[in-house]
Amino acid sequence: TMRIITMVGSLQHGEQFTIEITSLGCFSGKRQTIQIINNEGIITANLNSSTKVLATFDIEELIRFELQLRELQIGGCSTVDKYVLSNVNETFVTNDGTCSWQGYKQLLALFE
């Protein structure tokens, strides 16, 4: 199988990427943008006004999140969560209509 290079896995010093989540069900159309930044090898995540330095475990969670996101099957749910991951090289857009995955919860849990 082809190993997918994740955005967080390929993040070099001084680079960043964003994860934008628009949920039509859970946030009532609210958009959240999480910014992931590599500063001298210290990876931080920013959401609204909170910043968190990511531990190895958190980075593994992010990698797992992104791999799952890229493998999502089309669901038939009326609540659709839209995810946009973008860095300098790529913008990856997908919709989660499964109503069961709810990957954004893993992300928001990083800030709790």
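In this predicted model, Arg70 and Glu66 bring their side chains together in a salt bridge, with 3.0 Å from N to O. The two residues sit four apart in helix 1, so about one helical turn separates them. Glu66 counts as buried, because its relative accessible area is just 1%, and buried here means under 20%. The pair doesn't stand alone, either: Glu66, Arg70 and Glu90 are linked in a network of salt bridges.

Helix 1 holds another such pair. Glu61 forms a salt bridge with Arg64, and the closest N and O atoms are 2.0 Å apart. Both residues belong to helix 1 and lie three residues apart, about one turn of the helix. Arg64 is partly exposed, since its relative accessibility comes to 40%. Then there's Lys52, whose side chain meets that of Asp58 in a salt bridge at 3.5 Å, N to O. Lys52 has 26% relative accessibility, so it counts as partly exposed, whereas Asp58, at 8%, counts as buried. In total, the structure holds five salt bridges. As a general point, side chains of opposite charge can pair when their charged atoms come close.

Now for the sheet. Six strands make up an open sheet with antiparallel pairing, and their order runs 4-3-2-1-5-6. At the edges are strand 4 (50–53) and strand 6 (91–96), each of which pairs on one side only. From one strand to the next, the twist averages 15°. Helix 1, covering residues 56–71, packs on this sheet and touches strand 1, strand 2, strand 3 (42–47), strand 4, strand 5 (81–86) and strand 6. The direction of helix 1 makes about 115° with that of strand 5.

Strand 1 has a partner on either side in the strand order, strand 2 and strand 5. With strand 2 (residues 30–39), strand 1 (residues 16–23) pairs in the antiparallel sense over eight bridges. Gln16, for instance, has Ile37 in strand 2 as its bridge partner. The pairing of strand 1 with strand 5 is antiparallel too, and takes in six bridges. Here Ile21 stands opposite Tyr83 of strand 5.

That leaves the nonpolar residues. In soluble globular proteins, nonpolar side chains tend to be buried together. The largest nonpolar core in this model has 25 residues, and the members that touch the most others are Ile19, Ile34, Ile36, Leu62, Leu69, Tyr83 and Leu107. Strand 1, strand 2, strand 3, helix 1, strand 5 and helix 2 (104–109) are the elements that give two or more residues to this core. Leu107 gives a good idea of how these parts come together. Setting aside its neighbours within four places in sequence, Leu107 is in contact with Ile19, Ile21, Ile34, Leu62 and Phe65.

Technical notes. Residues are numbered from 1 along each chain as its sequence is written. This is a predicted model: local features need pLDDT of at least 70, side-chain atom pairs count only at pLDDT 80 or more; totals for chains, interfaces and linings use all residues. Side-chain values use heavy atoms; hydrogens and water are left out. Two strands pair if DSSP finds at least two bridges between them. Axes are lines fitted to C-alpha atoms, for helices over the stretch in contact, and angles run from 0 to 180 degrees between N-to-C directions. Contact means heavy atoms within 4.5 Å. A nonpolar core is a set of buried Ala, Val, Leu, Ile, Met, Phe, Trp, Tyr and Cys residues joined through side-chain atoms within 4.5 Å. Buried means under 20% relative accessible area, exposed over 50%, partly exposed in between (1.4 Å probe, protein chains only). A salt bridge is a side-chain nitrogen of Lys or Arg within 4 Å of a carboxyl oxygen of Asp or Glu.
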